[in-house]
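Please work through the exercises below with the sequence and the model at hand. Each task is followed by a solution in steps.

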Amino acid sequence: DLPFGLSPFHPQEEIHFHFYFYFIMAEQEDGTYPRINGALLQSQQFEGMIVSAVGRVVGPNTFQTSDGTNITLDTDNIAEALVVDPNMCVEIIGSAQDATTLMAFVSRNLGTDMDLHIYDQMITVQQSSQYAHYFQEPLASN
């Protein structure tokens, strides 16, 4: 078993994932995944970027983000199908395709007792210009 609920890839899926992941990441700093909700996905300011969204899988290929927005999940790049469980909170890391679609690469079960309202408030604060400097990556010292 892999840590954090990561699913193993089949060899062909792994090659496709790495190709797509590195193609997208060429434009984005390694290991930096903006946390988004449905409203931020709909704004399309993160289109084409690797992002992290937290919410619940409420139907086949339907994900309800922390702000209650239903989006479409493209799960072709996840080895095992996501389990529809409206009680389980899940983090999806993937590529924002358009205003309503997230291409999922990795999923992590976060449990059933996570407060999505508080999480969504954190995203709102993080995106606020008043507090954004608290969430920026520190500059490397030379």
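The exercises treat the overall fold, one strand and its partners, two loop residues and a surface patch.

The model is predicted: local features require pLDDT of at least 70 and side-chain atom pairs pLDDT 80 or more, whereas totals for chains, interfaces and linings use all residues. Residues are numbered from 1 along each chain as its sequence is written, and side-chain values use heavy atoms, without hydrogens and water.

**Exercise 1.** Determine how many helices and strands the protein has, and in which pattern they follow one another.

*Solution.* Step 1: elements are DSSP runs numbered from the N terminus, helices being H or I with at least four residues and strands E with at least two. Step 2: the count is three helices and six strands. Step 3: along the sequence they give the pattern α-β-α-β-β-β-β-β-α. Step 4: among contacts (heavy atoms within 4.5 Å) with a separation of 6 or more, 60% involve residues 24 or more positions apart.

**Exercise 2.** Establish whether strand 5 is buried or exposed, and identify the strands with which strand 5 pairs.

*Solution.* Step 1: buried means under 20% relative accessible area, exposed over 50%, and partly exposed in between (1.4 Å probe, protein chains only). Step 2: eight of the eight residues of strand 5 (residues 89–96) are buried, so this strand is largely enclosed by the rest of the structure. Step 3: pairing requires at least two bridges found by DSSP. Strand 2 (residues 50–59) runs antiparallel to strand 5 and is joined to it by seven bridges; here Val 51 stands opposite Gly 94. Step 4: strand 6 (residues 101–111) is also antiparallel to strand 5, over eight bridges, and Cys 89 has Gly 111 as its bridge partner. A hairpin of four residues connects strand 5 to strand 6.

**Exercise 3.** Locate Gln 44 and Asn 61 and state the phi of each.

*Solution.* Step 1: Gln 44 lies in the loop between helix 2 (38–43) and strand 2, and Asn 61 in the loop between strand 2 and strand 3 (62–65). Step 2: phi is positive, about 65°, at Gln 44, which is not a glycine; at Asn 61, also a residue other than glycine, phi is near 60°. Step 3: Gln 44 is partly exposed at 39% relative accessibility, and Asn 61 is partly exposed at 41%.

**Exercise 4.** Place Val 125 in its element and give its accessibility.

*Solution.* Step 1: Val 125 belongs to helix 3 (residues 116–127). Step 2: with a relative accessible area of 35%, Val 125 is partly exposed.
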